[in-house]
Amino acid sequence: MNDPRRIRVLVADDEPHVRKLVVAIVRALGAEVVAEASDGEEAAALFRKLRPDAAILDINMPKLHGDEVLARIMAVDPQAVVVMMTAQDAIDSVHDCLDRGASHYILKSNRAEEIYALLSEIWPDCQARAMNKEAA
Amino acid sequence: MTMTMTREQFMQAFAKERADYGRSLGGRIAGMQLLWQAVCAGAAARDDLERLERTAHSLAGSGPLFGYDDLGLQARLLETDLHRLVAEGAAVPANRERAAIRDRLAVLKRCIRENQ
């Protein structure tokens, strides 16, 4: 049985170095990374199969754009905690994602240490949402 | 995939990832140059230009994260140029575009050297 204090996370980004970095951050925050995806289709399929508490999704991924992955996740689990990652030039897309159910976003134009700090800041909220969902 | 990390372990993992990223750049840009030569020679596959654009996008997004700000900026300019070419749909780029993309790729290589 999973430790109820550790939320289960899917990380999706087509750039392997970025993905590994985010995985390391998520683990450092005490969560469990249950799957990694390198494209949007894989991300949507893994979410459907594994039903993690949270997903961290790049917006611009091959095969299926991050906003479409978000839509598929929301269709499967409207309470899912989804954090979008984007470059500065796609900020409009990420605002659309927030309107359509994403919980937070992080900009990839930040340095790794800043991404760590940003995720640390939003993580308690992600954990609370995931735990509330479980309790509901 | 259940292990956890302390912040210190994360910083060590980041240092390793940054080094791996830096080591990958030369090969990735060399691959882009070869692909661009194939595109210019009319010997590329139909989706090669899109592959080049995606690689440029990937470098533009990941560069700043690992401390390669200039590389990220230059890769973004390259991505914009390649996106325009993809949208135009020309099979073989004109001379001016060949030179422009070749120069942008050379600038990317220089960014790596200057960052290491």
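A residue counts as buried if 20 or more other C-beta atoms lie within 10 Å of its own, as exposed if 12 or fewer do, and as partly exposed in between, with C-beta atoms placed from the backbone. By that criterion, buried residues make up 49% of the 136 residues in chain A. This is a predicted model, in which local features need pLDDT of at least 70 and side-chain atom pairs count only at pLDDT 80 or more, while totals for chains, interfaces and linings use all residues. Residues are numbered from 1 along each chain as its sequence is written, and chains are lettered from A and ligands numbered from 1 in the order in which they are written.

**Chain A**

Chain A has 5 helices and 5 strands, where helices (H or I, at least four residues) and strands (E, at least two) are DSSP runs numbered from the N terminus. Along the sequence these elements follow the pattern β-α-β-α-β-α-β-α-β-α. The radius of gyration of chain A is 13 Å, close to the 14 Å that the globule rule gives for 136 residues, so chain A is as compact as a globular protein of that length. Here the radius is taken over C-alpha atoms, and the rule is 2.2 Å times the number of residues to the power 0.38. Taken along the principal axes, the C-alpha atoms of chain A fill a box of roughly 40 × 30 × 25 Å. Two residues are in contact if their C-beta atoms, placed from the backbone, lie within 7 Å. Of the contacts in chain A between residues at least 6 apart in sequence, 58% join residues at least 24 apart.

Strand E1 (residues 8-12) of chain A is mostly covered, with 5 of its 5 residues buried. In a regular strand the side chains alternate between the two faces of the sheet. One side of E1(A) has Arg8(A), Leu10(A) and Ala12(A), and the other has Val9(A) and Val11(A). E1(A) runs parallel to strand E2 (residues 32-37) of chain A, and 5 bridges join them; strands pair if DSSP finds at least two bridges between them. Within this pair, Val9(A) stands opposite Val33(A).

Most residues other than glycine have a negative phi. Two loop residues of chain A with a positive phi are listed below.

| Residue | Phi | Loop in chain A | Other C-beta atoms within 10 Å |
|---|---|---|---|
| Arg51(A) | about 45° | between helix H2 (40-50) and strand E3 (54-58) | 14, partly exposed |
| Lys63(A) | about 70° | between E3 and helix H3 (66-76) | 15, partly exposed |

**Chain B and the contact**

Helix H4 (residues 95-115) of chain B has 21 residues and reaches 31 Å from its first C-alpha to its last, close to the expected 30 Å. The expected span is 1.5 Å times one less than the number of residues. Ile101(B), Arg104(B), Leu105(B), Leu108(B) and Cys111(B) are buried in H4(B). Seen down the axis of H4(B), its buried residues fall within an arc of 105°, so they line one face of the helix. The arc is that of the directions from the helix axis to the C-beta atoms. Helix H1 (7-40) and helix H3 (69-88) of chain B are among what covers these buried residues. The face turned away from the buried side of H4(B) carries exposed residues, including Asn95(B), Asp103(B) and Glu114(B).

The contact between the chains takes 24 residues from chain B and 23 residues from chain A. On the side of chain B that touches chain A, H1 and helix H2 (48-62) of chain B are the elements that give two or more residues. H1(B) gives the most, with 8 residues. By class, that side of chain B has 11 nonpolar, 9 polar and 4 charged residues. Ala, Val, Leu, Ile, Met, Phe, Trp, Tyr, Cys and Pro count as nonpolar, Asp, Glu, Lys and Arg as charged, and the others, Gly among them, as polar.
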